[in-house]
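Trainee: I have a structure to look at and would like to learn how to read it step by step. Could you go through it with me?

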Amino acid sequence: MANPMPNEKELFDRIQNEHITVAPGIWDMLYNKIGDDVSAINLLCQFYLTNKQEIPPADAEKILTHTMDVKRIISDITTVSKDNFPFPEFKENTPLHPIIRDLFTHYVNNDLYIINLSVYDCSDPQGQQPLTARHIQKILTHTRCIRDFLEKLRKATLT
Amino acid sequence: MSQQKLLIVDDEPTIVEFTQKIYEKKGYLTFGATDGVTAVEIFKKERPQVNLIDIHMPYSAIDGVEVLRQIKEIDPGAACIMVSRITEKQKVEDSKKYGASAYILKPLDLDELDKAIAEVTKEGGLNG
């Protein structure tokens, strides 16, 4: 998992004590979009790991496409201004509480960053090289972290 | 024994592609669809014993619950595993009504998928 924020406990305590919530529609959208991308990365990695094969460059690129997609969703969802919020269906909702925003940007973005680094680690001036088992394991660890974080936050915001 | 058939329905192509690859290696004959209408057409033709259906397919003319309903209308004995999100309680209820065999949550993990498929094939006597 991404390194814990030094004040993580305090932030989660505040979520519970101040009854900070996330609109159900926003959770739906997050689970729908991020769920698809994380599932795709998981299955791709698990296929090659189970078959003791390295991930070829073309499929390594697919991982980056999915991490970019999640990154864009996190960026959209954590938009500070209500006027710029890119999802018209949630126009009536206030943007995410700053604590939720901080947690999202810290944890999910860091996990995505580590996944991307694992892919980039296998590239050289000649281009993308196959991803080894060690890199695949690392990517799977961080997709699990994203899933665990979402679940922890969802439970904390159910008040 | 004839080869087990598995249909994977998900609007995310990478999920379909790699779920097919994974279960082909496990000995299944797999079919993939990235929209509901194609899924029902494949089902009519191939009659897969196990169907893995994503509930949420916003770009498909029919969603996963409707795919389930149509499959069950064609073959009430078909095993359908519904893939849902933790927030989709109403659609899960609808799927129960139409006779889904099992549910798994996205993000998908191979261990959970294996368990769900093993369970429904065991229940339906498809392994023996």
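Trainee: Which pattern of helices and strands does chain A follow when read along the sequence?

Mentor: Before anything else, keep in mind that this is a predicted model, in which local features need pLDDT of at least 70, side-chain atom pairs count only at pLDDT 80 or more, and totals for chains, interfaces and linings use all residues. Residues are numbered from 1 along each chain as its sequence is written, while chains are lettered from A and ligands numbered from 1 in the order in which they are written. Helices (H or I, at least four residues) and strands (E, at least two) are DSSP runs, numbered from the N terminus. In chain A these runs follow the pattern α-α-α-α-β-β-α, that is, five helices and two strands.

Trainee: How many of the residues of chain A count as buried?

Mentor: A residue is buried if 20 or more other C-beta atoms lie within 10 Å of its own, exposed if 12 or fewer, and partly exposed in between, with the C-beta atoms placed from the backbone. By that count, 30% of the 159 residues of chain A are buried.

Trainee: What order do the strands of the sheet in chain B take, and which strands are at its edges?

Mentor: Two strands pair if DSSP finds at least two bridges between them. In chain B, five strands form an open sheet with parallel pairing, in the order β2-β1-β3-β4-β5. Its edge strands are β2 (29–33) and β5, each of which pairs on one side only. Angles run from 0 to 180 degrees between N-to-C directions, and axes are lines fitted to C-alpha atoms, for helices over the stretch in contact; with direction ignored, neighbouring strands of this sheet are turned by 20 degrees against each other on average.

Trainee: Where can I follow the pairing residue by residue, for example at L6(B)?

Mentor: Strand β1 (residues 5–9) of chain B is joined to β2(B) by five bridges, and L6(B) stands opposite T30(B) there. β1(B) also pairs with β3(B) in the parallel sense, over four bridges, where the partner of L6(B) is V50(B). Further along the sheet, five bridges link β3(B) in the parallel sense to β4 (residues 79–84) of chain B, and D54(B) has V83(B) as its bridge partner in β4(B).

Trainee: Is β3(B) covered on one face or on both?

Mentor: Both faces are covered, with V50(B), L52(B) and D54(B) buried on one side and N51(B) and I53(B) buried on the other. Two residues are in contact if their C-beta atoms, placed from the backbone, lie within 7 Å. Leaving aside residues up to four places away in sequence, L52(B) touches L6(B), L7(B), I8(B), V9(B), T19(B), I81(B) and V83(B). Helix α2 (residues 36–46) of chain B lies across β1, β2 and β3 (50–54), running at about 170 degrees to β1(B).

Trainee: Which residues have the most contacts inside the largest nonpolar core?

Mentor: In soluble globular proteins, nonpolar side chains tend to be buried together. A nonpolar core is a set of buried Ala, Val, Leu, Ile, Met, Phe, Trp, Tyr and Cys residues joined through C-beta atoms within 7 Å. The largest one here has 68 residues, and L7(B), L52(B) and C80(B) have the most contacts inside it. Helix α2 (residues 24–50) of chain A gives the most to this core, with 12 residues.

Trainee: How many residues does each chain bring to the contact between them?

Mentor: Chain A brings 21 residues and chain B brings 17. On the side of chain A that touches chain B, the elements giving two or more residues are α2 and α5 (133–156) of chain A, and α2(A) gives the most, with 16 residues.

Trainee: Which backbone angles deserve a second look, for instance at H19(A) and K52(A)?

Mentor: Most residues other than glycine have a negative phi, and most peptide bonds are trans. H19(A), in the loop between α1 (8–17) and α2 of chain A, has a positive phi near 50 degrees, and it counts as exposed because it has 9 C-beta neighbours inside 10 Å. K52(A), in the loop between α2 and α3 (57–77) of chain A, has a positive phi of about 50 degrees. In chain B, a cis peptide bond with omega of about -5 degrees joins K106(B) and P107(B), and P107(B) is placed in the loop between β5 (102–105) and α5 (110–123).
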